[in-house]
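Here is the note you asked for, written for someone who is opening this structure for the first time. The points are numbered so that each can be checked against the view.

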Amino acid sequence: MSVAQTSPSILVKQPNSLTRRFSWTRAREQVIRLALFLCGALSLLTTAGIIVVLFNEAIYSFSGTAFFQTVSITDFLFDTVWAPQHPDKPRFGILPLLCGTFVIAGLGGVIGLPIGLASAIYLSEYAKPKMRRIVKPTLEILAGIPTVVYGYFALVFVTPYVLRPIFQTCLGINVDIFNALSAGIVVGVMIIPTVCSLSEDALRAVPRGLREAGYALGSTKYDVSLKVVVPAALSGILASFLLAIARAIGETMAVTIAAGQQPRLTLNPFRGMETMTAYIVNISLGDTEAGSMEYKSLYAVALSLFVITLSMNVLAQWVLKRFREVYE
Amino acid sequence: MTIMQSFSELMHQRQQRETVKRSRPVETETDVSKLEVSNLNFFYGEKQALFDVSMTVPERSVTAFIGPSGCGKSTFLRTLNRMNDIIEGTRLTGKVTLEGQDIYADDVDVVALRKRVGMVFQKSTPFPKSIFENVAYGPKIAGQRNQKELQGIVEQSLKRAALWEEVKDRMQDSALALSGGQQQRLCIARALATNPDVLLMDEPASALDPASTARIEDLIFELKQNYTIVIVTHNMQQAARISDWTAFFFQGYLIEKDRTQKLFTTPKKKQTEDYITGRFG
């Protein structure tokens, strides 16, 4: 009240009406907004497009016959032979491909997850800042190596100079030149940076007070790291594991080169195997007739792979939420 | 001097409580020193945080550190169990002895020291584990595997921390589900489970509501019969209520340390008087 009385002059000229009118500023805002929305929508549309194509070729075709309209889903899931190229009686049992995928991803996990977590613990809890400055970029270089190089490395180095001398020469176990173990090893190395980087973030997010409480109770550094910090960061660590496994399952070039292209239902890691991704590479190479069953089987396999990695990602999200400890 | 009077009143209330709770009156207490600090200087990098501090902490008593924020009282507390060791770039000169043994000597096992000198922090820091596992943590890392022994230790520690009755039926629940005051008592129980002689408390009640604060203060009163307690507090009334000795820190210097009653009623130094009468800080 008193303000209005003591300051009679209005300094800023106010518009007479509140009705919205056209202005260039607002038009520019709208254009920017639209452009950004389109960029965001693009990735959504791509995903939707992929799902539609997979659905159309694999489950129910709008224009012809889809894969599962010819092959029963029971055969696909439970037949033990994958022989799409058989001239008379092609068989489409995905088990050998699933087996190859999971044996290699499993071996990769057994190798990559503990090493990745251990290096994350080292970087977050033990390493001096100077050491961290050297180790972290080095790990990131690992993540930057093209996967085809890893595959080649497995085929021309790991198998002949590591696996064969140890297992074939010393232990007398026959090692195929294409084998699941060499693929598993390089996949394991490949996922180390993923596990390490994500787990380290989770470990470093654990509040300092929790570490101090641990030390104050007479803990050694080892006790604090393993019994206080790791449990507190468990959700992040598990999520990093799941994402790494999803990456291992989706890995393509390295396993195609290292494990070979023979769909074989075995758990023997010294034999060659074919993963789902390797099969897709195989079919995509070009001499498959479009529209043939073989061609359609590609979509069925791709759909399976999509379902698996998607559920791994969803699971990772769930774990992250479910096991998250909230610290204010 | 109304503030002085209110402190005198506090003292009076306190003495009444003490005569109810304790058989021994305060004044005849024998002062066996537990911790002795001489000429302690402490540095964070280049910055000196403590200047030539010397002090003795008597056994089975409560010693309170008061002073404005940044006066070095927490830093000093943390030198008593070498918690500052885990901060990079800190340095210290002088001597701290626990029952005559220099805790900064080269051959001292820091892990063993921290088991004897427990610590409770300002923010309660329960581990993301069950209530039982939180209290059992210390004994477990010390190598206690016997489940029955562990249960005994956990029960006893929780009883001493006055939390047992509230949690005895839900020992497997997450400690994070407890209230703030309960979490802080859990942290005290966890510290007691390693069977320390000395308990350091860094503003243990500053984040709690008045009711929880009163419980913690009662607890400290109980605990001093068995433990030597050193407590940092912002709250002068709290120091007056619970401590036997009070030390006033200012800008990294120990200005004055005396029996709580004396320090609050007849301080020797001008700075102390100014601080406790609220003229600064």
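1. In this predicted model, helix 5 of chain A meets helix 11 of chain A through Thr101(A), Ala105(A), Gly108(A), Gly109(A), Gly112(A), Leu113(A), Gly116(A) and Leu117(A) on the helix 5 side, while helix 11 contributes Ile237(A), Phe241(A), Ala244(A), Ile245(A), Ala248(A) and Ile249(A). Sorted by class, the residues of this contact are nine nonpolar and five polar, with no charged residue among them. Two packed helices are described by the angle between their axes and the distance between those axes. Here helix 5 (residues 95-126) of chain A and helix 11 (residues 234-250) of chain A pack at about 140°, and their axes are 9 Å apart; the crossing of helix 5 of chain A with helix 11 of chain A is right-handed.

2. A second helix pair in chain A deserves a look, namely helix 9 (residues 208-216) and helix 10 (residues 221-232), whose axes come within 10 Å and cross at roughly 145°. This crossing of helix 9 and helix 10 of chain A is right-handed. Helix 9 of chain A takes part through Leu210(A), Arg211(A), Gly214(A) and Tyr215(A), and helix 10 of chain A through Asp223(A), Val224(A), Val228(A), Val229(A) and Ala232(A). The residues of the contact between helix 9 and helix 10 of chain A comprise six nonpolar, one polar and two charged.

3. Which elements of chain A give two or more residues to the side that touches chain B? They are helix 9 and helix 10 of chain A, and helix 9 of chain A gives the most, with six residues. In the interface as a whole, 16 residues of chain A are in contact with 23 residues of chain B. The chain A side of this interface has eight nonpolar, four polar and four charged residues. For the complex, the predictor gives an ipTM of 0.83 and a pTM of 0.79.

4. Chain B contains an open sheet of six strands in the order 6-7-8-3-9-10, with mixed pairing. Its edge strands are strand 6 (117-120) and strand 10 (253-259) of chain B, each of which pairs on one side only. Averaged over the sheet and with direction ignored, neighbouring strands are turned by 15° against each other.

5. At one end of that order, strand 6 of chain B and strand 7 of chain B pair in the parallel sense over four bridges, and Met119(B) has Leu200(B) in strand 7 of chain B as its bridge partner. Strand 7 (residues 198-202) of chain B also pairs with strand 8 (residues 228-232) of chain B, again in the parallel sense, over five bridges; here Met201(B) has Ile231(B) in strand 8 of chain B as its bridge partner.

6. Are the residues on the two faces of strand 6 of chain B buried or exposed? Val117(B) and Met119(B) on one side, and Gly118(B) and Val120(B) on the other, are all buried, and both faces of the strand are thus covered. In a regular strand the side chains alternate between the two faces of the sheet. Helix 7 (residues 180-192) of chain B lies across strand 6 and strand 7 of chain B, and runs at about 170° to strand 6 of chain B.

7. Two residues of chain B have a positive phi although neither is a glycine: Asn39(B), at about 50°, and Arg60(B), at about 45°. Asn39(B) lies in strand 1 (residues 33-44) of chain B, and it counts as exposed because it has 11 C-beta neighbours inside 10 Å. Arg60(B), by contrast, is found in the loop between strand 2 (47-58) and strand 3 (62-66) of chain B, and counts as partly exposed because it has 19 C-beta neighbours inside 10 Å.

8. A final remark concerns confidence. Chain B averages a pLDDT of 85, and 89% of its residues score at least 70. Over residues 22-28 of chain B, however, the pLDDT is below 50, and beyond near neighbours in sequence this stretch has four contacts in the model. Where pLDDT is low, the predicted coordinates should not be read in detail.

Key
Residues are numbered from 1 along each chain as its sequence is written. Chains are lettered from A and ligands numbered from 1 in the order in which they are written. This is a predicted model: local features need pLDDT of at least 70, side-chain atom pairs count only at pLDDT 80 or more; totals for chains, interfaces and linings use all residues. Axes are lines fitted to C-alpha atoms, for helices over the stretch in contact, and angles run from 0 to 180 degrees between N-to-C directions. A crossing is left-handed if the near helix is turned anticlockwise from the far one by less than a right angle, and right-handed if clockwise. Two residues are in contact if their C-beta atoms, placed from the backbone, lie within 7 Å. Ala, Val, Leu, Ile, Met, Phe, Trp, Tyr, Cys and Pro count as nonpolar, Asp, Glu, Lys and Arg as charged, and the others, Gly among them, as polar. Two strands pair if DSSP finds at least two bridges between them. pLDDT is the predictor's confidence in each residue, from 0 to 100. A residue is buried if 20 or more other C-beta atoms lie within 10 Å of its own, exposed if 12 or fewer, and partly exposed in between; C-beta atoms are placed from the backbone.
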